[in-house]
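Biologist: Please take a close look at a single part of this model for me. I would like the strands and the loops that join them.

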Amino acid sequence: MRLRKGLESRIPIGIATFVASLCGAGASFAQGAKHGIISPTIAWNETWHDVLVDLFVIGGIFGVVAIYLLIKYRAKSPDAVGDGPKLNFDKALAWALVPAALFMADDFLLSAKGWSLWNIQRTVPKDALEVNVKASQWAFEFDYGNGVVDGDLIVPVGKPIVLRMTATDVIHSFGLSEYRLKEDLLPGRITHMWFYPDKPLSTHVTCTEFCGDAHAQMNSAVKAVPQAEYDAWLKSKAKKTSSLPQKSSL
Ligand SMILES: [Cu+2]
């Protein structure tokens with residue numbers, strides 16, 4: 001009996017220690033950095049992981065404790081009044097505040113991570129490669145500079161990419177789910193998004209804002225290729241562009 005009482009009084013401390021160790025394990029985005037770069041993709045993945053831990057692991061622990069207490073102190077006959085132990089003021093306060101503080105502590109941690117994530121997403125690395133993006137009903141157009149314009153987004157692996165984006169007609173949205181990113185493109189305004197392709201990848205971008213009849217067909221290939229392959233592709237595109245008849249400047 002004494003052993004069981006001792007165990008019950010240690011439940012909140014046990015939960016606190018377990019939660020603190022989980023939070024400690026996921027407190028920093030730095031551990032997922034690739035080549036020294038913490039990209040929004042890494043930050044989103046880690047934050048989502050923490051939200052799942054918050055929901056299922058911590059929620060599960062509280063659920064199990066609640067079920068245990070419900071069974072232990074259930075009414076054993078219809079007229080039972082209950083004979084649970086009377087808690088003194090200190091213990092009652094501890095049982096009320098410790099679980100509440102645990103939930104709040106984890107929420108504060110997630111909120112702090114959210115601010116940190118937003119900071120990462122809005123801070124474009126200085127050496128990022130810039131591509132201008134124009135959205136129109138119903139296609140994306142990528143301008144690489146030097147007259148190279150293409151319907152696909154081709155980028156080199158190992159370099160941060162920043163997209164400067166606008167729309168010519170209605171509101172569109174750049175949904176790059178493989179990199180966990182989405183940003184609106186608006187007429188008369190330039191928005192931006194940056195990502196870091198850390199390995200070769202072939203994916204696509206879809207418009208994620210309903211923009212008219214052919215909205216569902218508004219998508220483009222997005223390919224992260226080795227630097228040499230990117231250079232060769234850009235060169236061949238530039239050659240094709242320069243061989244086209246030039247428009248008169250008048
Ligand atoms: Cu669209």
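Modeller: Strands here are DSSP runs of E, at least two residues long, numbered from the N terminus. The model is predicted.

Start with a loop. Asn 146 sits between β2 and β3 (149-150). Its phi is near 55°, a positive value in a residue that is not glycine. Most residues other than glycine have a negative phi. Asn 146 has 11 other C-beta atoms within 10 Å. The limit for an exposed residue is 12 or fewer, so Asn 146 counts as exposed.

Arg 180 also has a positive phi, near 60°, and is not glycine. Arg 180 belongs to the loop between β6 (172-176) and β7. With 17 other C-beta atoms within 10 Å, Arg 180 is partly exposed.

A third loop holds a cis peptide bond. The bond runs from Gln 137 to Trp 138, with omega near 5°. Most peptide bonds are trans. Trp 138 lies in the loop between β1 and β2 (139-143).

Now the strands themselves. β1 covers residues 129-136 and pairs with β5 in the parallel sense, over seven bridges. Within that pairing, Val 131 has Leu 163 of β5 as its bridge partner. β5 also pairs with β8 (residues 191-195), here antiparallel, through five bridges. There, Arg 164 is partnered by His 192 of β8.

The side chains of β5 (residues 161-167) alternate. Ile 161, Leu 163, Met 165 and Ala 167 point to one face and are buried. Val 162, Arg 164 and Thr 166 point to the other face and are not buried. So Leu 163, the partner of Val 131, is on the buried face. Arg 164, paired with His 192, is on the other.

Next comes an open sheet. Five strands build it, in the order β4-β10-β9-β6-β7, with mixed pairing. The edges are β4 (153-156) and β7 (181-185); each has a single partner strand, so one side of each has no neighbour in the sheet. Neighbouring strands of this sheet are turned by 20° against each other on average, direction ignored. Arg 180 lies in the loop that leads from β6 to the edge strand β7.

Inside this sheet, β9 (residues 201-207) and β10 (residues 219-225) run antiparallel, joined by six bridges. His 204 stands opposite Ala 221 in β10.

How values were computed. Residues are numbered from 1 along each chain as its sequence is written. This is a predicted model: local features need pLDDT of at least 70, side-chain atom pairs count only at pLDDT 80 or more; totals for chains, interfaces and linings use all residues. Two strands pair if DSSP finds at least two bridges between them. Helices (H or I, at least four residues) and strands (E, at least two) are DSSP runs, numbered from the N terminus. Axes are lines fitted to C-alpha atoms, for helices over the stretch in contact, and angles run from 0 to 180 degrees between N-to-C directions. A residue is buried if 20 or more other C-beta atoms lie within 10 Å of its own, exposed if 12 or fewer, and partly exposed in between; C-beta atoms are placed from the backbone.
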